[in-house]
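Here are some notes to read beside the model, written as numbered points. Please keep the 3D view open and look up each residue as you go.

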Amino acid sequence: MHAFAALLDSLIYTRGRNAKLKLIVDYLLATPDPDRGWAMAALIGDLDLPGVKPAQIRALIEARVDPVLFRMSRDYVGDTAETVALLWPAPIPAPAGAPLSISAAVDALRHLSRSDAPAVLAAMLDRLDSEERFALLKMATGALRIGVSARLAKTALAQAFGLDVDAVEEVWHGLTPPYASLFAWAEGTGEQPTAADVPVFRPFMLAHGLEDAQVDLADYAAEWKWDGIRVQIVHVAGQTRLYSRTGDDVTGSFPDVAAAFSTPGTIDGELLVKGDAQGGEAASFNALQQRLGRKTVSAKMLADYPAFVRVYDLLFDGGEDLRPLPWSERRQRLEAFVPRLDPDRFDLSQVIDAASFTELEAIRAGARDAAIEGVMLKRRDSPYVGGRRAGLWYKWKRDPLTADCVMMYAQRGSGRRSSYYSDYTFGCWTEDGELLPVGKAYSGITDEELKMLDGFVRRHTLARFGPVREVEKTMVLEIAFDSIHGSTRHKSGVAMRFPRIARIRTDKPAAEADRVETLRRLVT
Ligand SMILES: Nc1ncnc2c1ncn2[C@@H]1O[C@H](COP(=O)(O)OP(=O)(O)OP(=O)(O)O)[C@@H](O)[C@H]1O
């Protein structure tokens, strides 16, 4: 426990990422198995212990620590584990025997029962110094919370043994602490652990923005960038798992998709919700949001918002790892693979057929599908590599849509903006010349512009309703938004997604602002 406790103590007082990395690297190189494996599990939050409850800690304190002193010190120290560690009285005489190892401590914590927890913990605390007591209590009560992310700990392990962090990430998911096979591989005494019969997550390949550059379509293939959620679906040894961008297992939220994927392999694609009228076509992101963040999915939810995946890469075909192959070869394999899947749940993401970049630009500008967010450009000769690598994948988002609207009401902001009228409701004209609200925005302008609009609101107020002022309908704001959908909440029948102020159009008379009808035509 001593070396691990010293590591935690140093990590707490170290700020820089590189300095933290070095501390963990040094620890891993100096510590034998299985202690370093348990330490990694503790740092990463992978210990999976039954967890000591606050009531058991209270019982511990009542037995051995002065409760008044505890309360006073707790307020000062701010952390229960640290306070108990500091105040725990040293036993007299000192207990004999070998020092407690982290492996022995974890083993004891794993087998704690509800009734014996305080006594077993007390016996261990008696054998430890205050730094070690802190480490033990932190492990016993849950997450360490010492500012070390799982990624940082894995990076340290990779650095310690000269490995690539993504290679470590990849084998990680199939392993359990104390990771004996991982350390054997890292030290060159064992094979790379393979997860042949476990559906593990593989790090996603990501993109850079294209910015103002152009690429040669002889070197890059263009695909639509679908506006859904990235998923990786793995089927191995009869099990299927869906993983999100962050590697989280989201199988539970999409049982309909998981149940439909039973072909051994690993696909990468965009999860979307079916649009109602067009059958296989995708609905806007708005519909997908209905399925997101739900722990349980009702049958009605599954029926109303059926999910499907637009597949754009094939990482494994059965057990064969295709990632080292160039994109063009993976694409051929993908085109042969997708027809073997349930067509109701999986379709192939289309490659855009454009002869030149200029033609692609025109195709992109003309895209009207609600689920299209832009274009992806993928280097044809590139392998599939986890993370964001320069020059391999680019995203080229569609320009946002804009409309010229008239300010109708203004409201004070919050925080730094609380003394300004900074939140604006704006509207567009009906055929009968009536102004109807179509949205609300409060971002996109500079501090100077905010002061100008605040001045306008104060000088042109028509009426006040609590914190809201109705203003003269003369200020035109150009509003940018990502998409428009139908809304029963607004009298105008439309609502914008992500509206923000693009420009203040003092050059435009209010009468020339856009019509509601124009917005209705953009509804997706
Ligand atoms: N055909 C496609 N090929 C690859 N990625 C696609 C495709 N269609 C949609 N995407 C999405 O675009 C993203 C590519 O951009 P990036 O790698 O920067 O991820 P991101 O940060 O999630 O991007 P953003 O938030 O801009 O969508 C992918 O993560 C994926 O979710």
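1. Start with a single pair: D404 stands opposite E478 in β18. That pair belongs to strands β13 (residues 401–412) and β18 (residues 476–481), which run antiparallel and are joined by six bridges. Strands here are DSSP runs of E with at least two residues, helices are runs of H or I with at least four, and both are numbered from the N terminus. Two strands pair if DSSP finds at least two bridges between them.

2. Before going further, a word on the source. This is a predicted model, in which local features need pLDDT of at least 70 and side-chain atom pairs count only at pLDDT 80 or more, while totals for chains, interfaces and linings use all residues. Residues are numbered from 1 along each chain as its sequence is written.

3. Which strand does β18 pair with over four bridges? It is β21 (residues 500–504), again in the antiparallel sense. In this pairing, I479 has I501 of β21 as its bridge partner.

4. Now find the open sheet of four strands, whose order is β2-β12-β10-β3, with mixed pairing. Its edge strands are β2 (208–209) and β3, each pairing on one side only. Inside the sheet, β10 and β12 (residues 393–397) pair in the antiparallel sense over five bridges. One position to look up is G374, which stands opposite K397 in β12.

5. The edge strand β3 (residues 220–226) turns up again at the ligand: with four residues, it gives the most to the shell there. The ligand is surrounded by 13 residues, and the closest are L206, A207, E223, W226 and R230. A residue counts as near if its C-beta atom, placed from the backbone, lies within 6 Å. The shell divides into six nonpolar, one polar and six charged residues. In this count, Ala, Val, Leu, Ile, Met, Phe, Trp, Tyr, Cys and Pro are nonpolar, Asp, Glu, Lys and Arg are charged, and the others, Gly among them, are polar.

6. Helix α16 (residues 327–337) is a nice one to rotate on screen. Its buried residues are W327, R330, R331, L334 and F337. They lie on the same side of α16 because they cover an arc of only 120° around the axis, taken from the directions from the helix axis to the C-beta atoms. On the other side, Q332 and A336 are exposed. Buried means 20 or more other C-beta atoms within 10 Å of the residue's own, exposed means 12 or fewer, and partly exposed is in between. The buried residues of α16 pack against β3, β6 (265–273), β7 (307–317) and β10 (372–379).

7. Is Y305, in the loop between α15 (299–304) and β7, buried, exposed or partly exposed? It counts as partly exposed because it has 19 C-beta neighbours inside 10 Å. Y305 and L288 are 17 residues apart in sequence, and their C-alpha atoms are 7.3 Å apart.

8. Finally, the whole chain. It has 19 helices and 21 strands, and buried residues make up 34% of its 524 residues. Among the contacts with a separation of 6 or more, 69% come from residues 24 or more positions apart, a contact being two C-beta atoms, placed from the backbone, within 7 Å.
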